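Me: I am new to this structure. Please show me how to read a few of its features.
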Amino acid sequence: MGKLKYNIALIVANVLFGANFSFYVSLTKSSVSFQQIFILQLTVAALLFIPVALLKKRTYKITLEDFGTIFIVALIVVYGWMYMLLWGASQTNPIDASMIATLGPVVTLIVAHIVNPQRPSWIKFLGAVLAIIGAMALLTDKNFHLLSNATDAFGNALVLFAVIAIATNTVLINSTLRRYGELTIMGWFYIIGFVMAIPFFYSDLLGLFTTKHTLLSIAELAYVTLLGTALPMYLLYVASANLTAVHTALYRYIQPLVATTLALLRGQNIIDGATKVGATLIFIGVVLVVAGNSLRKRVFK
């Protein structure tokens, strides 16, 4: 099957990720807090990936320097991405949250430039600017009160922070990931994340099992912990290691398509003017960032 299986893996991962946004909103509007979803996701992922990582010989060959990098990145992934994404998604709507989540390539470009300064091509720079303007259109829609946790703007800002965190992770962990492999690194992420989180969130985890849930909330919790977190994370790491950044970035747009469809069907949001403008600018911007050089050679040859 060659590269086809990795393309299929990316498609499946983004479909599964996209559905999460609708379920996050639904769960947090019922009897489940985003902290409870966070610690449940982390616990289940730890149970799945830590035993696998412990069976890998490379797990025991990690140097002290590499462990330091893994430790820092694990905190960024667990608290900067997982926690902030859940918090933000619970405060905004699925359409905005999923659209902002596609900004990863733009933020990665900016972070990579900060870490290793170099002059980007003008077409990538233009793409980054358009995408940022699109994000601002979503952030300033309706109520522009970033410091108030009762507005979509606050939730959108948290999702953007989560995107910055996962983009930073991509830049920092790239070489370490190639040395030790996806399963080893993911195992260490969850070992570190679980140990650091359980002292603060064990009461949330216990409360989750003592609260009476509807069949719908149980099904949604099962989805966001297994099909929405552990499986797509693995598929994303494997596929990203075998495909280009262009594939990884453009397939991200499956997420807002799935999230928007579910949000509209479930009456969680409507598509207004700001959403259309923001989504269009982000789409064009990300395309220019990930495929800018190829487009420039074809159009301006």
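Me: Is V171 buried, exposed or partly exposed, and why?
Reply: Buried means under 20% relative accessible area, exposed over 50%, partly exposed in between (1.4 Å probe, protein chains only). V171 has 23% relative accessibility, so V171 counts as partly exposed. This is a predicted model: local features need pLDDT of at least 70, side-chain atom pairs count only at pLDDT 80 or more, and totals for chains, interfaces and linings use all residues. Residues are numbered from 1 along each chain as its sequence is written, and side-chain values use heavy atoms, leaving out hydrogens and water.

Me: What span should helix α3 have?
Reply: Helices are DSSP runs (H or I, at least four residues), numbered from the N terminus. The expected span is 1.5 Å times one less than the number of residues. Helix α3 (residues 64-91) has 28 residues, so 40 Å is expected; its end C-alpha atoms lie 39 Å apart, which agrees.

Me: How many aromatic pairs are there?
Reply: Rings of Phe, Tyr and Trp (its six-membered ring) pair if their centres lie within 6.5 Å; planes under 30 degrees apart are stacked, over 60 edge-to-face, the rest tilted. The count is 15 aromatic pairs. F34 and W87 are stacked, at 5.8 Å centre to centre and 0 degrees between the planes. That pair links helix α2 (residues 34-54) to helix α3, 53 residues apart. F34 is buried, at 10% relative accessibility. W87 is partly exposed, at 24%.

Me: Which residues form one aromatic cluster?
Reply: The cluster is made of F34, F38, Y79, Y83, W87, F154 and F201.

Notes: Helices (H or I, at least four residues) and strands (E, at least two) are DSSP runs, numbered from the N terminus.
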